[in-house]
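My notebook is open, and the coordinates are loaded. I will jot down what I look up as I go.

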Amino acid sequence: MSIYDTLNPEQQRAVFHDKGPLLILAGAGSGKTRVLTHRIAYLIEEREVNPWNILAITFTNKAAKEMRERVDKIVGYGSESIWVSTFHSTCVRILRRYIDTLGYDRSFTIYDTDDQKSLMREVCKYLEIDTKKMNERGILSVISKAKDELVSPEEFALRAQGDYQQSKYAQAYTEYQKRLKLNNALDFDDLIVKTVELFQTNKEALNYYQNRFRYIMVDEYQDTNTAQFRLIHLLSMGLNEYGEREYNLCVVGDDDQSIYKFRGANIHNILNFEQAFPNTKVIKLEQNYRSTKSILNTANEVICNNKGRKDKSLWTDNEEGQPVCFTQFATDFEEADQITSEIKRYVEAGEAGYNDFAILYRTNAQSRLFEEKLILRNIPYKIVGGVNFYSRREIKDILAYLKTIDNGMDSIAVKRIINVPRRGIGLTTIDKVNDYAIRNDISFYEALTRAQSIPGLERTASKITPFVSLIEGLKSRLTKEGYSLNELIDDILDATGYLRELEEDNSEEAKDRIANIDELVNKLVSYEENAEEEPTLSGFLEEVALVSDIDSLDETNEHIVLMTLHSAKGLEFPYVYLSGMEEGIFPGYMAIHAENPEEEIEEERRLCYVGITRAMKGLSLSAAKQRMLRGETQFNRPSRFINEIPRYLLKMNASSPKKIQSGYQTSDYDFNNHTPFEKSIEFEKSSGTGSYKQTQIAYKPYSTPEPKQFAGNNMGTLDYGVGDTVKHIKFGTGEVIDIVMGGKDYEVTVEFPNFGVKKLLSSFAKLVKI
DNA sequence: ACGCCGACCGTCCGA
DNA sequence: CGGTCGGCGT
């Protein structure tokens with residue numbers, strides 16, 4: 001009996017693969033993390049690979065942490081010397097050691113999106129770019145895309161020749177990079193790009209890491225971009241002791257779960273892996289251990305509408321399970337209300353815990369309504385993503401102090417805090433200092449130290465000097481033996497008067513801010529206590545820069561989890577609510593109206609597939625007919641993805657993922673009150689037979705305030721009668737000759753001039769009174 | 001220099 | 001709806 005006996009034959013083939021490139025196509029829930037961890041154990045224990053020679057790369061810290069824990073459990077010794085980390089932390093670690101050869105200082109800081117925007121604002125001002133015509137975000141996204149593809153500013157400029165718009169971008173890109181370097185800062189994309197640059201220009205560094213990482217594993221490979229591909233490619237080209245290239249590269253991914261095209265993921269990395277790495281062994285993991293047959297079938301039905309996939313079909317031995325449900329609510333408000341109350345009922349009935357549920361949505365903005373309802377019902381919850389803790393003003397302020405102390409070259413940080421709290425240093429002063437800094441080719445902070453000698457600042461210099469001494473004072477304390485980061489942050493809060501100012505302000509907002517600062521102090525203390533190496537200020541700032549919200553998610557806590565579909569990738573939950581299944585929301589407006597809608601819709605469909613496959617036991621899909629979006633009301637049809645699920649798999653209008661038959665009222669919402677689907681047209685021909693019976697659920701009529709557009713076909717509120725002329729989507733206009741009550745529905749008989757007499761169900765036929 | 005207010009605006013997704 | 005920015009008054 002060995003640890004490998006519990007693996008299925010395909011998993012074993014992947015684990016026991018010896019040398020050379022290996023592509024594992026691992027469907028959702030097929031146990032890929034298990035395969036990766038067992039493979040690591042196998043390499044060490046059976047192939048006598050030195051743990052030191054293994055690199056495992058993931059996309060999130062959470063995944064890295066989990067893999068580390070699982071490896072620790074099954075690898076007897078030496079597991080701590082396996083390098084398990086994310087792309088970004090791997091690169092930071094490499095750059096901290098070698099980046100001086102690229103002309104940066106090793107204490108570089110990492111710019112987040114806000115910092116990037118501030119810097120780009122300066123760039124635009126300098127280049128006299130009208131940010132109304134080309135906004136900072138737009139320029140940054142062009143630059144980011146270039147970096148993802150390893151296009152340098154020089155190359156970008158070359159390609160842009162003759163195109164005014166592109167040339168502007170090229171100028172901005174060049175200037176932006178110049179200023180990043182001046183600030184001794186790297187943005188997220190730079191972390192990868194600069195590491196590739198390092199390896200291409202510094203043979204010694206490349207050799208060192210090639211030699212070290214003889215076995216490389218990459219998780220979520222479908223989400224890698226071109227720069228990351230190049231990085232892996234370079235690393236995997238090391239030679240073994242006989243001078244041979246082995247390409248001991250094992251990548252795990254699922255092309256159906258590629259959902260990060262917008263941030264540069266290149267699906268060709270996985271589709272063309274076999275071409276890029278000759279003699280690749282391909283192993284498919286197609287048995288799903290996570291979901292019920294109902295859920296898996298639903299997922300397969302949706303994803304099979306995509307073209308250009310790797311051929312594979314997921315199956316499961318699990319039970320059939322509860323059918324997947326779809327509910328169309330009248331409003332987004334009601335959607336949130338019903339879903340949260342349903343979850344509460346389950347938990348109070350003892351059928352599940354709050355941590356068994358996840359509510360997923362396409363955009364973060366959709367979380368707000370759910371949050372309000374959860375607070376109202378006193379249900380514990382955690383929202384992943386959205387407004388980042390580290391992007392709150394007070395946190396950014398304190399971090400800017402820490403950054404200024406750590407790296408005075410980071411002008412964005414210095415400018416942020418120079419007048420926070422108020423020191424009477426205004427914009428005009430800052431501009432003068434800035435000009436002086438640029439003219440003398442020194443950093444902004446350096447210029448501040450020479451304030452007295454800057455022409456025109458004779459008077460304001462008296463306000464600048466105390467700020468400089470404050471920072472210098474804090475810096476010098478930091479160099480003292482035994483002075484902790486915890487003390488530093490306390491000194492900052494005290495010496496600047498930042499905390500005092502908040503304490504004197506008795507508002508609710510100020511109290512929140514203080515609480516947030518306390519939270520930051522907690523994080524710093526726990527960093528100091530848990531740091532693997534000597535805790536340093538740079539180390540803390542780095543951790544903060546690279547942390548993502550999902551990393552702190554603890555599924556064992558008793559709370560519902562709310563997050564976007566993107567954040568949910570890689571996770572699983574017993575019961576999943578997939579909300580906002582509406583055209584314009586999911587698939588999103590941007591995808592539908594893109595230049596290449598087919599491609600964009602396929603990406604959305606993969607996202608839908610990811611969402612569906614998160615569910616283990618129960619899946620409930622929902623839409624709202626009416627939704628508030630940026631202050632205005634939208635009316636949306638149900639998502640096309642709902643239409644792609646065959647009727648027999650979908651239990652319509654029931655809002656429960658399980659035990660719907662148990663007798664109680666799942667929802668007092670008007671079940672019939674939904675917009676008909678296109679597929680329902682076919683269904684009319686066989687009305688009264690087939691799977692429709694499933695949907696005959698007891699309900700009590702409930703009238704909801706309705707927009708006129710949707711009042712045409714719901715039970716109890718038919719706005720047409722016998723003798724009226726109505727319009728049908730397929731049959732055109734006709735006259736209503738009879739209406740009878742049938743089951744929970746009206747059976748409407750209509751005479752169409754061109755199609756004859758048809759019997760239609762009011763809830764499915766889109767009959768509109770003319 | 002700074003704070004207030006009204007106009008405007010623009011949107012997905014994220015390390 | 002909610003954040004941001006620019007104009008204006010102090």
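Before anything else, I fix a term: buried means under 20% relative accessible area, exposed over 50%, and partly exposed in between, with a 1.4 Å probe and protein chains only.

**Ground rules**

I am working with a predicted model, in which local features need pLDDT of at least 70 and side-chain atom pairs count only at pLDDT 80 or more, while totals for chains, interfaces and linings use all residues. Residues are numbered from 1 along each chain as its sequence is written, chains are lettered from A and ligands numbered from 1 in the order in which they are written, and side-chain values use heavy atoms, with hydrogens and water left out.

**Entry: aromatic rings**

I started with the rings. A pair of aromatic rings is described by the distance of the centres and the angle of the planes. Rings of Phe, Tyr and Trp (its six-membered ring) pair if their centres lie within 6.5 Å; planes under 30 degrees apart count as stacked, over 60 as edge-to-face and the rest as tilted.

I find 23 aromatic pairs in the structure. One of them is tryptophan 83 with tyrosine 209, edge-to-face at 6.4 Å centre to centre and 75° between the planes. Why does this pair tie together parts that are 126 residues apart in sequence? Tryptophan 83 belongs to strand S3 (residues 83-86) and tyrosine 209 to helix H10 (residues 203-212), so the pair joins parts that far apart. Helices (H or I, at least four residues) and strands (E, at least two) are DSSP runs, numbered from the N terminus.

I checked burial too: tryptophan 83 is buried at 5% relative accessibility, and tyrosine 209 is buried at 2%. Next I took phenylalanine 389 and tyrosine 390: their ring centres are 5.1 Å apart and their planes at 85°, so I log the pair as edge-to-face. Phenylalanine 389 is buried, with a relative accessible area of 14%; tyrosine 390 is buried, with 14%.

I also noted a cluster linked by ring pairs, made of Trp83, Tyr98, Phe199, Tyr208, Tyr209 and Phe213.

**Entry: charges over rings**

A charge sits over a ring if NZ of Lys or CZ of Arg is within 6 Å of the ring centre and within 35 degrees of the ring normal. The charged end of arginine 96 sits over the ring of phenylalanine 108, at 4.1 Å from its centre. Arginine 263 lies over the face of tyrosine 260, 3.8 Å from the ring centre.

**Entry: DNA strand B**

I count a residue as near a strand if one of its heavy atoms lies within 4 Å of it. Which residues come nearest to DNA strand B? Of the 23 around the strand, they are Arg362, Asn364, Thr428, Thr564 and Arg630. Of the atoms of DNA strand B that come within 4 Å of the protein, sugar and phosphate account for 52%.

For phosphate contacts, I found a phosphate oxygen of DNA strand B 2.2 Å from a polar backbone atom of asparagine 364. Side-chain N or O atoms also reach phosphate oxygens of this strand: 3.1 Å for asparagine 419 and 3.1 Å for threonine 429. Helix H19 (427-439) and helix H26 (565-568) are the elements that give two or more residues to the surface near DNA strand B.

**Entry: DNA strand C**

Around DNA strand C I list Arg121, Arg368, Arg630 and Gly631. Sugar and phosphate make up 33% of the atoms of DNA strand C within 4 Å of the protein. A phosphate oxygen of this strand is 3.3 Å from a side-chain N or O atom of arginine 121.

**Entry: arginine 627**

Arginine 627 lies in strand S16 (residues 615-629) and, at 5% relative accessibility, counts as buried. I looked for its polar contacts (a pair of N or O atoms within 3.5 Å; within protein, one must be able to donate a hydrogen and the other to accept it, and residues adjacent in sequence count only if both atoms are side-chain atoms). What are the side-chain partners of arginine 627? Its side chain has a polar contact of 3.1 Å with that of glutamate 335, and another of 2.5 Å with that of glutamate 582.
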